[in-house]
2 protein chains.
Amino acid sequence: MPKPATIIDVAREAGVSIKTVSRVVNREAGVHAETREQVEQVMARLNYRPKQSARSLAGGRSFLIGLLYYDPSAAFVGGVQQGATLRCREAGYHLVVESLHNDAPDLPMQVDRMVSALRPDGMILTPPLCDNPQVLKALRDSQTPCVLISPAADDPEHPSVRMDDVHAAEEITNLLISLGHQRIAIIKGAKDQVASKRRYQGYAAALKAHGIPLDKDLVVQGDFTFPTGVEAAYQLLSRRQRPTAVFASNDEMALGVLVAAQRLGLEVPGDLSIAGFDDTPAAARVWPPLTTVRQPMDDMARAAVDLLVGTRASDGGGQVVVTSGSAQHKVLKHELIVRDSTAASVDKPTRARKAASA
Amino acid sequence: MPKPATIIDVAREAGVSIKTVSRVVNREAGVHAETREQVEQVMARLNYRPKQSARSLAGGRSFLIGLLYYDPSAAFVGGVQQGATLRCREAGYHLVVESLHNDAPDLPMQVDRMVSALRPDGMILTPPLCDNPQVLKALRDSQTPCVLISPAADDPEHPSVRMDDVHAAEEITNLLISLGHQRIAIIKGAKDQVASKRRYQGYAAALKAHGIPLDKDLVVQGDFTFPTGVEAAYQLLSRRQRPTAVFASNDEMALGVLVAAQRLGLEVPGDLSIAGFDDTPAAARVWPPLTTVRQPMDDMARAAVDLLVGTRASDGGGQVVVTSGSAQHKVLKHELIVRDSTAASVDKPTRARKAASA
DNA sequence: CTGAAAGCGCTTACAG
DNA sequence: CTGAAAGCGCTTACAG
């Protein structure tokens, strides 16, 4: 097992200085085409791979991007990570992940340790960490560039990438209305998350646009978890004037509604239409599969990496760029996924059941 | 923004040589208690953080552990990553993740690029990558230590961590038998994965131990995906002699069985008991929630990190260590999760429905 | 277009 | 128990 080739070996073999090899490696302009080719051949022959730690120490760049997340089971983390890791590879970077407790007492220190040790070239923050002042401060102190994914508000200091929650919620409510529903309930998300507010806004806007009065009895508070979805559904479905459709602010809660409806002997979508938000894997694996909104998490993550490494994205994704303060804010397109949990409203729902066939 | 303190700053302030500071940082023995304390105080005051790239370049250790995975949505990847990232932090390491296509033509090169650039101190491989000869070869060529999570077979060369699939499948089948079921079907997992074979073995062993003949009509091939679960269920449930229970080799397929049963108008668990394997998040979010087996993915990942960084695990987890060849093989305990998708067998299932109450 | 020198911030042998 | 020297493998200014 010979030792891996170094830049010196390549330079010697190619008959040039190490500086020239360095220029070829970094694709810098100003190298004779012949020289470049010559060097590249030697690099290939020697199987030369520049060593990150040396590049990092000398050049001040680590070629590392950090991804900070809180709840690993959160639906969007997987998508974000997938998009980020693939884009990093394309750009010659690597993704370092760190699972953090949003309310750990030593959160700032944990962030500082990672940043000071690794000196990543950039950080990607997911909710709720991207809205945590302590985390943001620790990152600012270390002067690490970061991009926020779906932050509560557009921060003038940090670039961000998000989708349009208001619009998406409006679309999904419009869908329900177009199916003839008038009594459409909503289960709101966690109070402290802005996504909850935005989705409620979209719901309210859609009702208003169609002249449907907003009935407070049809608005129930949840917190984005499955159990609150179940509980909220029991509340809603026990009213004398039952809603004919429920828009849950995320899939987790929508699954809870589905379970509650089934336990109460209601047929979905015959007796009740259900819509969610997120398009989690489970949403397509229940019966009936859920109508929901797909957040383009992977595209958002790719855009975040691009913002960090300064690559020009291949666009074409219909991105809207909002500028607030000095930082860039990208808004990516979502997608309405219409499946079988929503159907036309029936005024007097029959309790009859039809055994569906394959 | 002053530049971060270096080892030289600390040495100067503390009135010692940088070598002594280095010794304190690395917790090496042979430093006067007073000297150590003195240095530690200065480090704290200057907020000193050793720079990884410098340590790595000089010392030949990167303090990086790589995690290679294929399908990001696979239930176990999340658990593995969570356990690995937490244990890494405790040990002063960081986790670099890489999503790879198991059948990408340039797989070996992708692995080589990562390893040559980062020189991670170790790699954790998850199925099916841990059984991919090309990946293993690339890693061997680079002399990177690696630990396999749930590999197909105990490799004499690489240490591994896994659970006892045979035993777990046997337990879950025993549970079904103890509930009075005699016609218990199994949906097998993907043909090329050893977990499929092992779970089938456990199923067969349990039947045999109870003198129940193995009925070939009750054995259906699946491939661990949701659609094959649905399809297999339709096959099984359309037989004139329907099974009263189905053991799906993973939750994904069990969810498929549940959907199929519901579409056929069967009540679960009244008409049919269903058991899965994995304890995915969705398993607890459907109605009825699935009886399944929890794989201790996070513990397995922690054990893998320990194997790599040479830390002594706090044991107590009832680990069994098997030695084959020169490498260590750990077998961790699983857990049977009994929920509502399984119930006592009823000979003549009634088609009557009772609307369950809260 | 190309190169010689210095230096990034640590750790590894060696000494004492 | 402690330290002075060399060196890890690159990149950054500077020259030419």
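α4(A) is the top contributor to the surface near DNA strand D, giving four residues. This is a predicted model, and the points below walk through the DNA contacts, the domains of chain A and the enclosed spaces. In total, 25 residues surround DNA strand D, and the structure also holds four cavities of 30 Å³ or more.

**The surface around DNA strand D**

- Both protein chains supply residues that come closest to DNA strand D: K19(A) and S22(A) from chain A, with T20(B), R23(B) and T35(B) from chain B.
- Sorted by class, this surface has ten nonpolar, nine polar and six charged residues.
- Looking from the DNA side, 63% of the strand D atoms within 4 Å of the protein belong to sugar or phosphate, and the rest belong to bases.

**Individual contacts with DNA strand D**

- The side chain of T20(B) places an N or O atom 2.6 Å from a phosphate oxygen of DNA strand D.
- S17(B) uses its backbone instead: an N or O atom there lies 3.1 Å from a phosphate oxygen of the strand.
- On chain A, an N or O atom in the side chain of Y48(A) is 3.1 Å from a sugar or linking oxygen of DNA strand D.
- The elements giving two or more residues to the surface near this strand are α2 (18–25) and α4 (52–59) of chain A, along with α2 (18–25) and α4 (52–59) of chain B.

**Domains of chain A**

- Chain A is split into domain 1 (7–50), domain 2 (64–149 + 297–333) and domain 3 (165–295).
- The centres of domain 1 and domain 3 of chain A, taken over C-alpha atoms, are 60 Å apart.

**The largest cavity**

- The largest cavity holds about 160 Å³ of space.
- Its lining draws on Q52, S53, S56, S62, L64 and L118 of chain A, and on Q52, S53, S56, S62, L64 and L118 of chain B.
- α4 of chain A and α4 of chain B are the elements that give two or more residues to this lining.
- Four of the lining residues are nonpolar and eight are polar, with no charged residues.

**The second largest cavity**

- About 80 Å³ of space lies in the second largest cavity.
- Of the 14 residues that line this cavity, Q262(A), V286(A), W287(A), V286(B) and W287(B) lie nearest its centre.
- Here the elements that give two or more residues are α11 (251–263) of chain A and α11 (251–263) of chain B.
- The lining of the second largest cavity has ten nonpolar, two polar and two charged residues.

Note on methods:
Residues are numbered from 1 along each chain as its sequence is written. Chains are lettered from A and ligands numbered from 1 in the order in which they are written. This is a predicted model: local features need pLDDT of at least 70, side-chain atom pairs count only at pLDDT 80 or more; totals for chains, interfaces and linings use all residues. Side-chain values use heavy atoms; hydrogens and water are left out. A residue is near a molecule or strand if one of its heavy atoms lies within 4 Å of it. A polar contact is a pair of N or O atoms within 3.5 Å; within protein, one must be able to donate a hydrogen and the other to accept it, and residues adjacent in sequence count only if both atoms are side-chain atoms. Ala, Val, Leu, Ile, Met, Phe, Trp, Tyr, Cys and Pro count as nonpolar, Asp, Glu, Lys and Arg as charged, and the others, Gly among them, as polar. Domain bounds come from an automatic or database domain assignment. On a 1 Å grid over the protein atoms alone, a cavity is a set of points where a 1.4 Å probe fits but cannot get out, and a pocket is an open set with protein on both sides within 12 Å along at least five of seven lines; lining residues have an atom within 4 Å of a point. Grid points are joined across faces, edges and corners, and a volume is the space filled by probe spheres set on the points.
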